[in-house]
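Colleague: Before I use this file, I would like to hear how the labels on it were assigned. Please set each value against its cut-off.

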Amino acid sequence: MKTDTAIRLPAHPGTSRGSAWIRRFGYILLYVLLSLVALLQMLPLVWLLLFSLKNNQEVFDMAPFSLPATPRWENYVKVWTEGNISLYFFNSVWMTVVSVVITVLFASLVTFAITRMRWKGRSLVLGLFMVGLMIPVHSTLIPLFSLFLKLHLTDHPLSVILSYIAFNMPITIMILLGFYYALPREVEEAAVMDGCSVHRVFFRIVLPMTASVISTTAIINMIYNWNEFIFVNTFISTDSYKTLTVGVQNFIGQYTTDWGAIGATLMISIMPILIAFLILSNRIVEGIAAGSVKG
């Protein structure tokens, strides 16, 4: 009985050394490219910081990335005290927080009902929510304004909060779906066998297990709500309810515009989102990675 034996030739030492060098060179090149991309991403923030420390003459006469002769930190004091920015900042914070909490909670409840419960029409309900992704925001301004006018909600923060919730629900549900499908059902089944109710299963078991993806959806909602302009500009006319994105128009006059104050306002509006992203960046990556794999 003949057997075929394969003869293995020893690998040349130079080959493994060469492949390791090529791999190391590839990593170095990748890090250099990523560092350049990060630097390019930081340039607008650096430009805005320098812009906020200049007066009108320096804005137009000096190069964009040049340092001002005397940094005008008083621009920040001016917009915070004289420009009513502190009130707009507070309005942006509480409207954003309320909208994000309600959106994430409702979207989690909807996703839990769709993925964990069997009931007629769940596919139809999911389809209706996904249709919301295809509706342009600007096409709803007139119908929404007419609706809020009949409900006496124009010039009221509730009109803005309801609009944020309605338009953020579809994308939030879509992100949560992939994560919920990947969650193991054994833990929930064991809790039900121990007499746990549906509400306790959701709030005590499922919700803590989805903390990473909730962080992802929360930061996405927060960025949209914080930077939103069209709803506030359309539904709100009283200064006491305006947010930062609309309040920046106070420094644009008919004859003169205070560009340094505008830069300071924009810098103030960027910092909360930047800080929140830096704090939650690891959770965001975990949520996206976990929700992208089903099974």
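**Labels and their grounds**

Modeller: The largest share of the lining of the largest cavity comes from α4, which gives three residues. Keep in mind that this is a predicted model.

Colleague: Which residues line the largest cavity?

Modeller: The lining consists of Ser92, Met95, Thr96, Tyr164, Asn225, Trp226, Thr243 and Thr245. Two or more of the lining residues come from α4 (85-116), and likewise from α10 (211-227).

Colleague: What is the volume of the largest cavity, and how many cavities are counted?

Modeller: The volume is about 30 Å³. The count takes cavities of 30 Å³ or more, and it comes to one.

Colleague: What classes of residue make up the lining of the largest cavity?

Modeller: Three are nonpolar, five are polar and none is charged.

Colleague: Why is the contact between Arg72 and Glu58 called a salt bridge?

Modeller: The cut-off is a side-chain nitrogen of Lys or Arg within 4 Å of a carboxyl oxygen of Asp or Glu. The N to O distance for Arg72 and Glu58 is 4.0 Å, so the pair counts as a salt bridge. Arg72 lies in the loop between α2 (56-61) and α3 (74-81) and Glu58 in helix α2, 14 residues apart. Salt bridges with shared partners join Glu58, Arg72 and Glu74 into one network.

Colleague: What makes Glu58 buried and Arg72 partly exposed?

Modeller: Buried means under 20% relative accessible area, and exposed means over 50%. Glu58 has 12%, so Glu58 is buried. Arg72 has 27%, which falls between the two cut-offs, so Arg72 is partly exposed.

Colleague: How do you know that Asp258 and Lys78 form a salt bridge?

Modeller: Their N to O distance is 2.4 Å, and the limit is 4 Å, so the pair qualifies. Asp258 sits in the loop between α12 (244-247) and α13 (259-291), while Lys78 is in helix α3, 180 residues apart. Lys78 has 32% relative accessibility and is therefore partly exposed.

Colleague: Why is Glu188 said to tie together distant parts of the sequence with Arg116?

Modeller: The two residues form a salt bridge, with the closest N and O atoms 2.9 Å apart. Glu188 lies in helix α8 (residues 186-193) and Arg116 in helix α4, so the pair ties together parts that are 72 residues apart in sequence. Both Glu188 and Arg116 are buried. Five salt bridges are counted in the model.

Colleague: Where else do Glu188 and Arg116 appear?

Modeller: Both are in the lining of the second largest pocket, together with Phe112, Met117, Arg185, Glu189, Val192, Val198 and Val201. This pocket has a volume of about 200 Å³. By class, the lining has five nonpolar, no polar and four charged residues. α8 gives the largest share, three residues.

Colleague: What is the volume of the largest pocket, then, and which element gives the largest share of its lining?

Modeller: The volume is about 270 Å³, and α13 supplies the largest share of the lining, seven residues. Of the 14 lining residues, Trp226, Asn227, Leu266, Ser269 and Ile270 lie nearest the centre. The lining has ten nonpolar, four polar and no charged residues.

Colleague: What makes the span of α10 close to the expected value?

Modeller: Helix α10 has 17 residues and reaches 24 Å from its first C-alpha to its last. The expected span is 1.5 Å times one less than the number of residues, which comes to 24 Å for α10, so the two values agree closely. The buried residues of α10 include Asn225 and Trp226.

How values were computed:
Residues numbered from 1 in each chain as written. Predicted model: local features only at pLDDT ≥ 70, side-chain atom pairs only at ≥ 80, totals over all residues. Heavy atoms only, no water. 1 Å grid on protein atoms, 1.4 Å probe; cavity = no way out; pocket = protein on both sides within 12 Å on 5 of 7 lines; lining within 4 Å. Points joined across faces, edges and corners; volume = space filled by probe spheres on them. Helix = DSSP H or I, 4+ residues; strand = E, 2+ residues; numbered from the N terminus. Nonpolar A, V, L, I, M, F, W, Y, C, P; charged D, E, K, R; others polar. Buried < 20%, exposed > 50% of the residue type's maximum accessible area, 1.4 Å probe, protein only.
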